[in-house]
Amino acid sequence: MRKILPLALLAFLSYCSLTQSTQKPTAADDPFFQEKAVEDEVFRILITEDEYILRQVGAENYIYAKPSPLARRENHKLFAEYDDKWDFMDFTHQGLLRVKLNPQTGMIENVDYEGGKSPRAWQASIMFRDDLMRYEFGFKSGIVQPREFMVRYEWRIKKDPNLTPEEAKEKAREFLLDQKT
């Protein structure tokens, strides 16, 4: 019995180290979340093909985004639809939005791009704003604060590796034609 226990423990520890080393890093480990937050930046949202991640990067003692896993799945699904349309090349869309809340209700009153700098693609700028407008916030002290803060978005679209250069060009042309209508 004494010999079996150490062997079982050794096997278990070997399994744990094996599974830890072979696990794929998630977007939650991404450098996007490691960058220093700018003043008034409270949330960051990273959107990839596989994940939609919201992280709080400031004002943790005052405000929080109310959990809504279903809404986040639906939000990710909307971005994924565009991923499929834009996968003819690698894209990274970024945006820094300023949110103003109603001081009594805590509901979003206004969302604008900080410094008037919206993402290069108008579709991304609209999608970021629409996505942010779906959020509801809670306040730890019951007082709406901060009433104004920033949210940073990064949306990464990867090129489909199976597309030939000719297919990628054709898909890009179809996308551009579709956007004119």
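The following exercises, each with a worked solution, examine the fold and the side-chain packing of a predicted model.

Residues are numbered from 1 along each chain as its sequence is written, and side-chain values use heavy atoms, with hydrogens and water left out. Because the model is predicted, local features need pLDDT of at least 70 and side-chain atom pairs count only at pLDDT 80 or more, whereas totals for chains, interfaces and linings use all residues.

**Exercise 1. Confidence and overall content**

Task: State the mean pLDDT of the chain, and identify where pLDDT stays under 50.

Solution. Step 1: pLDDT is the predictor's confidence in each residue, from 0 to 100. Its mean over the chain is 83, and 83% of the residues reach 70 or more.

Step 2: Residues 1-23 stay under 50 in pLDDT, and the model has zero contacts beyond four places in sequence for them. A contact means heavy atoms within 4.5 Å.

Step 3: The chain holds four helices and seven strands, in the order α-β-β-β-α-β-β-α-β-β-α from the N terminus. Helices (H or I, at least four residues) and strands (E, at least two) are DSSP runs, numbered from the N terminus.

Step 4: Of the 181 residues in the chain, 38% are buried; buried means under 20% relative accessible area, exposed over 50%, and partly exposed in between (1.4 Å probe, protein chains only).

**Exercise 2. The sheet**

Task: Determine the order of the strands in the five-stranded sheet and name the strands at its edges.

Solution. Step 1: The open sheet has the order β2-β1-β7-β4-β5, with mixed pairing. Two strands pair if DSSP finds at least two bridges between them.

Step 2: The edge strands are β2 (52-56) and β5; each has a single partner strand, so one side of each is left without a neighbour in the sheet.

Step 3: From one strand to the next, the twist averages 20 degrees. Axes are lines fitted to C-alpha atoms, for helices over the stretch in contact, and angles run from 0 to 180 degrees between N-to-C directions.

Step 4: At one edge, β1 and β2 pair in the antiparallel sense over five bridges. Leucine 46 has isoleucine 53 in β2 as its bridge partner, and a hairpin of four residues joins the two strands.

Step 5: At the other edge, β4 (residues 91-101) and β5 (residues 108-113) are antiparallel over five bridges. Leucine 101 is bridged to isoleucine 108 in β5, and valine 99 stands opposite valine 111. Six residues lie between these strands, among them glycine 106, which takes a positive phi near 80 degrees.

**Exercise 3. Helices on the sheet**

Task: Describe how helix α2 and helix α3 lie relative to the strands.

Solution. Step 1: Helix α2 (residues 69-86) lies across β1 (41-47), β2, β4 and β7 (148-157), at about 45 degrees to β7.

Step 2: Helix α3 (residues 122-133) packs on the sheet and touches β1, β2, β4, β5 and β7, its direction making about 155 degrees with that of β5.

**Exercise 4. Aromatic and charged side chains**

Task: Classify the ring pair of phenylalanine 32 and phenylalanine 33 and that of tyrosine 82 and tryptophan 86.

Solution. Step 1: Rings of Phe, Tyr and Trp (its six-membered ring) pair if their centres lie within 6.5 Å; planes under 30 degrees apart count as stacked, over 60 as edge-to-face and the rest as tilted. The whole structure contains 16 aromatic pairs.

Step 2: For phenylalanine 32 and phenylalanine 33, the centres are 5.3 Å apart and the planes at 65 degrees, so the pair is edge-to-face. Both residues are buried.

Step 3: For tyrosine 82 and tryptophan 86, the values are 5.4 Å and 75 degrees, so this pair is edge-to-face. These residues are four apart in helix α2 and therefore separated by about one helical turn. Both are buried, and both belong to an aromatic cluster that includes Phe79, Phe128 and Phe175.

Step 4: A charge sits over a ring if NZ of Lys or CZ of Arg is within 6 Å of the ring centre and within 35 degrees of the ring normal. Arginine 55 lies over phenylalanine 33 at 4.9 Å from the ring centre, and lysine 85 over tyrosine 82 at 4.8 Å.

**Exercise 5. Two buried polar residues**

Task: Establish whether asparagine 102 is buried or exposed, and do likewise for glutamine 123.

Solution. Step 1: Asparagine 102, in the loop between β4 and β5, has a relative accessible area of 18% and is therefore buried. Beyond four places in sequence, asparagine 102 touches Met107, Glu109 and Val144.

Step 2: Glutamine 123, in helix α3, has a relative accessible area of 7%, so glutamine 123 is buried. Its contacts, not counting residues up to four places away, are Tyr82, Trp86, Phe175 and Gln179.
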